Every structure is written in C-alpha cells, then in structure tokens.
Amino acid sequence: MIRVGVNGYGTIGKRVADAVEAQPDMEIIGVAKTQPNFEAHTAVKRGYPMYAAIPERAPLFAEAGIEVAGEVDELVAEADIIVDCTPSGIGEQNRELYETHHTPAIFQGGESADVADVSFNARSNFDAARDADYVRVVSCNTTGLSRIIAPLEEEYGVEKVRATLVRRGGDPGQNSRGPINDILPNPIKVPSHHGPDVKTIFPDLEIDTLGLKVPATLMHVHALNVTLGSDVTGAHVRQLLEQEDRVYVIPEGLGIDGAGKLKDLALDAGRPRGDLWENCVWGESIGVNGRDLYLFQAIHQESDVIPENVDAIRAMFDLKDQKDSMALTDRQLGVGISGDPSGFSEQARAEFADD
Ligand code: NAD
C-alpha cells in the first residue's frame with residue numbers, strides 16, 4: 001500500500017485525494033492546507049488527517065475546530081510520495097522540502113517542465129515515469145491534446161498539429177478571474193506556449209497552438225487540425241478514438257451541443273463534483289480532407305488530470321504496467337462513457353466489484 005500525502009488541497013488536490021483513496025493499492029495519509037476553509041472541513045469529513053502547510057497558521061485550524069495532525073514537513077517525512085497540488089510556482093519552491101526528506105513527488109502542470117525529471121501523460125509516455133523521483137503531470141490542455149495525439153501518431157503518424165484552445169477564464173470558484181465580458185486572444189503572441197508543453201510529451205512532434213480566453217468556467221474547447229501521415233476516413237478516426245477509454249466520442253442525437261450539456265450529463269450521471277475525466281470529442285465534428293483531420297473537443301480542466309496523477313504514482317513505484325494501471329484507475333473512478341450514457345459510473349463500479 002503506497003502512502004500518499006497531498007500538499008495543497010484545492011481544485012486539483014481534493015480530487016486527487018479522493019481518487020487515490022478509491023484505489024486498492026494506495027491510500028491518503030494526510031493532506032496539507034494553508035487555511036481552514038470549507039474544503040478543510042470537507043477533508044476532515046472524508047477522514048483525511050490535516051497538516052498545516054504553513055506552521056504559523058496551525059492555530060487557525062484549532063480555532064475553526066479542526067484537529068491538526070502535524071506540520072507539512074511531518075507529512076512529507078511520513079509519506080511514500082507527495083502529490084503537490086499547490087498553485088503554479090509554489091510546487092517548485094516545495095521541491096527542496098521533498099528532497100530533504102528523500103520523498104518522491106508529483107507536480108502539476110502549472111509548474112515549468114524543469115521542476116521534474118519527467119513530464120507525464122499515462123496514455124502517451126507511462127514508462128518514462130518508471131522509477132522517477134520527480135514527475136510533472138502535464139496541464140489539463142496538454143493532457144487533452146496528448147490523449148488525441150497518441151493514438152493518431154500510433155495509427156497513422158502525425159505530420160503536424162494545429163490547435164486553437166478556447167480556454168475558460170477561470171474555474172467556478174475563481175471569482176477574481178475573467179474576462180467577464182470579453183474575448184481575449186491569450187496569449188496574444190502566436191504560436192502559444194501550449195505547443196512547447198505538448199512537446200515535453202512528444203519531443204519530435206510538429207505542433208502550433210493558439211490560445212484564447214472567454215467568459216466561461218465550465219470547460220475548455222479545442223479546435224484541432226491534425227495533418228496525418230496517411231489518407232484516412234473520418235469513420236476510421238472515429239472508430240480509433242472510440243476505443244480510447246479516456247476519450248468520449250459524443251454520439252449524435254443526444255442533444256449535447258456544448259460544454260453546459262456535458263456538465264449536465266456528468267451531474268445527472270451522479271459523477272462526483274460533476275467531473276468529466278474524459279476528453280469529450282463531438283463525433284459529428286470529426287471531419288477529414290485528404291490527410292487533414294478536424295475535430296472539436298471539450299476538456300474539463302478541473303478533472304481530466306486526476307486519473308493521470310493516480311497512474312503516475314503506479315509508474316513511479318513500478319506497481320503495474322501502463323494498460324493495467326489505466327484500467328484499474330478507470331474502473332475505480334468510473335472513467336469511461338460508452339453504451340448507455342446514463343448511469344455509466346455505477347456500471348463501471350459494479351463490473352469491478354464482480355471481478
Ligand atoms: P487551487 O488554487 O484551487 O488550489 C491550490 C491549493 O493550494 C489551495 O487550497 C491553496 O490554499 C493551497 N496552497 C497555497 N499555497 C500553499 C502552500 N505553500 N502549501 C500548501 N498549500 C498551498 O489551485 P488548482 O487549480 O488546484 O491548481 C493546482 C495546480 O494544478 C497548479 O499547478 C495548476 O496549474 C494545476 N492545474 C490546475 C487545473 C485547473 O483547471 N484548476 C488543471 C490542471 C492543472
């Protein structure tokens with residue numbers, strides 16, 4: 001049983017903690033937080049021992065009625081691995097703490113690539129993280145792009161990727177972010193930094209990306225154009241993507257015309273926090289012109305990286321091979337939408353219980 005600590009219990013951290021707890025081969029031994037906000041109370045309810053990320057603030061937890069198990073360095077010393085889910089840039093500052101205790105760590109996509117030995121996406125380069133001490137799970141957008149590029153590259157070869165990323169202004173809780181009423185080329189300079197980030201997973205890939213930010217909190221939407229190595233048909237590409245467990249090819253006829261309906265689908269299906277761990281590709285959008293493939297996909301920024309963190313732990317401790325790890329993660333979380341699009345996560349859990 002791998003003993004996991006989570007440092008930074010916000011949007012990503014709280015999801016990582018629940019995902020780790022759902023696995024049979026790892027457990028949460030504590031989470032570190034800076035303040036006793038509502039998420040701290042939720043963590044306590046879920047039974048996660050609470051550690052003070054900033055020792056001087058420990059009394060604030062006691063005042064809020066939250067028992068503190070210790071300070072963050074005790075959690076780091078105790079854990080087999082830390083999943084650092086602190087805001088961008090803080091992870092890099094924390095690396096020294098992890099090194100001091102010889103505790104391996106996973107960082108998130110907000111950190112620059114050189115924070116870790118390896119940038120990771122389970123579908124694309126699982127084995128690169130084997131036995132690594134420091135791994136970075138790439139950002140939500142890079143995860144979303146990698147999951148599409150990997151099967152296309154394997155099946156047809158990829159000559160060039162061009163992607164326009166229409167990004168949500170902030171997460172639902174980030175009420176200080178925007179724009180509120182604008183459409184921002186962001187970054188204005190093209191190509192954007194997202195392409196080079198994808199190259200941390202596919203070093204030889206030709207890719208140009210453009211970014212925008214819009215007044216939305218639900219999901220990102222990507223418009224993709226991929227020049228493939230050979231002529232293909234849209235039907236063939238669709239079949240290929242339908243075989244990917246972490247890609248949901250949205251069938252025609254369901255009336256899912258945007259990110260809002262996707263989120264409704266997830267909430268109706270009883271998914272925790274309305275999470276959509278899968279890339280959501282509109283089947284109808286898959287179009288081919290010679291070797292040029294086009295498609296639209298939506299990416300739930302708050303949750304697509306969560307299964308990847310679980311798989312990164314298994315890779316780092318050499319617990320399972322890529323296929324088995326991804327299958328186990330997916331079954332335990334209920335990842336994968338196929339067949340009857342309602343109640344899919346119950347079904348996935350029941351299947352696992354029968355094994
Ligand atoms: P967040 O702000 O929701 O959560 C971060 C948490 O860390 C907060 O609870 C904050 O109080 C806490 N924190 C701040 N300083 C700390 C410290 N010194 N020690 C411990 N905890 C501290 O941020 P997030 O959205 O969960 O992002 C975390 C990381 O995940 C970032 O690298 C981000 O780029 C990446 N990421 C975010 C998203 C997303 O859409 N939210 C998607 C993919 C990756």
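Start by selecting helix α7, residues 140-156, together with helix α9, residues 234-242. In this predicted model, their axes come within 10 Å and cross at roughly 125 degrees. An angle over 115 degrees but not over 145 counts as oblique, so α7 is oblique to α9. Turn the view until one helix lies in front of the other, and you will be looking at a right-handed crossing of α7 and α9.

Next, move to helix α11, which covers residues 306-316. This helix is a good place to pause, with a packing partner to visit in α1 and another in α12.

Take α1 to begin with: select residues 11-21 and show them alongside α11. The two helices pack at an angle of about 55 degrees, and their axes are 9 Å apart. The pair α1 and α11 is therefore described as oblique. Their crossing is right-handed.

Now keep α11 on screen and add α12, residues 322-333. Here the angle is about 135 degrees, with the axes 9 Å apart. That angle makes α11 and α12 oblique to each other, therefore neither roughly parallel nor roughly antiparallel. Once again, α11 passes its partner α12 in a right-handed crossing.

From the helices, go on to the ligand. Which residues are closest to it? Select T11, I12, R168, D171 and Q301 to see them. They belong to a set of 21 residues that surround the ligand. By class, this shell is made up of seven nonpolar, eleven polar and three charged residues.

Zoom in on R168, where a side-chain N or O atom is 2.9 Å from an oxygen atom of the ligand. Then select K33: an N or O atom in its side chain is 3.4 Å from a ligand oxygen. At Q301, look at the backbone instead, since a polar backbone atom there is 3.4 Å from an oxygen atom of the ligand. How much of the ligand does the protein bury? Taken alone, the ligand exposes 830 Å², and the protein buries 82% of that area.

The last part of the tour visits some details of the backbone. Most peptide bonds are trans, and most residues other than glycine have a negative phi. With that in mind, try these stops:

- Select G178 and P179, which are joined by a cis peptide bond with omega of about 10 degrees. P179 sits in the loop between β9 (158-168) and β10 (184-185).
- Continue to N186 and P187, where the peptide bond is also cis, with omega near -5 degrees. P187 is in the loop between β10 and α8 (194-198).
- Finish at H102, which is not a glycine but has a positive phi of about 55 degrees. You will find H102 in the loop between α5 (90-100) and β6 (105-107).

How values were computed:
Residues are numbered from 1 along each chain as its sequence is written. This is a predicted model: local features need pLDDT of at least 70, side-chain atom pairs count only at pLDDT 80 or more; totals for chains, interfaces and linings use all residues. Side-chain values use heavy atoms; hydrogens and water are left out. A residue is near a molecule or strand if one of its heavy atoms lies within 4 Å of it. A polar contact is a pair of N or O atoms within 3.5 Å; within protein, one must be able to donate a hydrogen and the other to accept it, and residues adjacent in sequence count only if both atoms are side-chain atoms. Accessible areas come from the Shrake-Rupley method with a 1.4 Å probe; for residues, only the protein chains shown count as cover. Ala, Val, Leu, Ile, Met, Phe, Trp, Tyr, Cys and Pro count as nonpolar, Asp, Glu, Lys and Arg as charged, and the others, Gly among them, as polar. Axes are lines fitted to C-alpha atoms, for helices over the stretch in contact, and angles run from 0 to 180 degrees between N-to-C directions. Helices (H or I, at least four residues) and strands (E, at least two) are DSSP runs, numbered from the N terminus. Angles under 35 degrees count as roughly parallel, over 145 as roughly antiparallel, 65 to 115 as roughly perpendicular and the rest as oblique. A crossing is left-handed if the near helix is turned anticlockwise from the far one by less than a right angle, and right-handed if clockwise.
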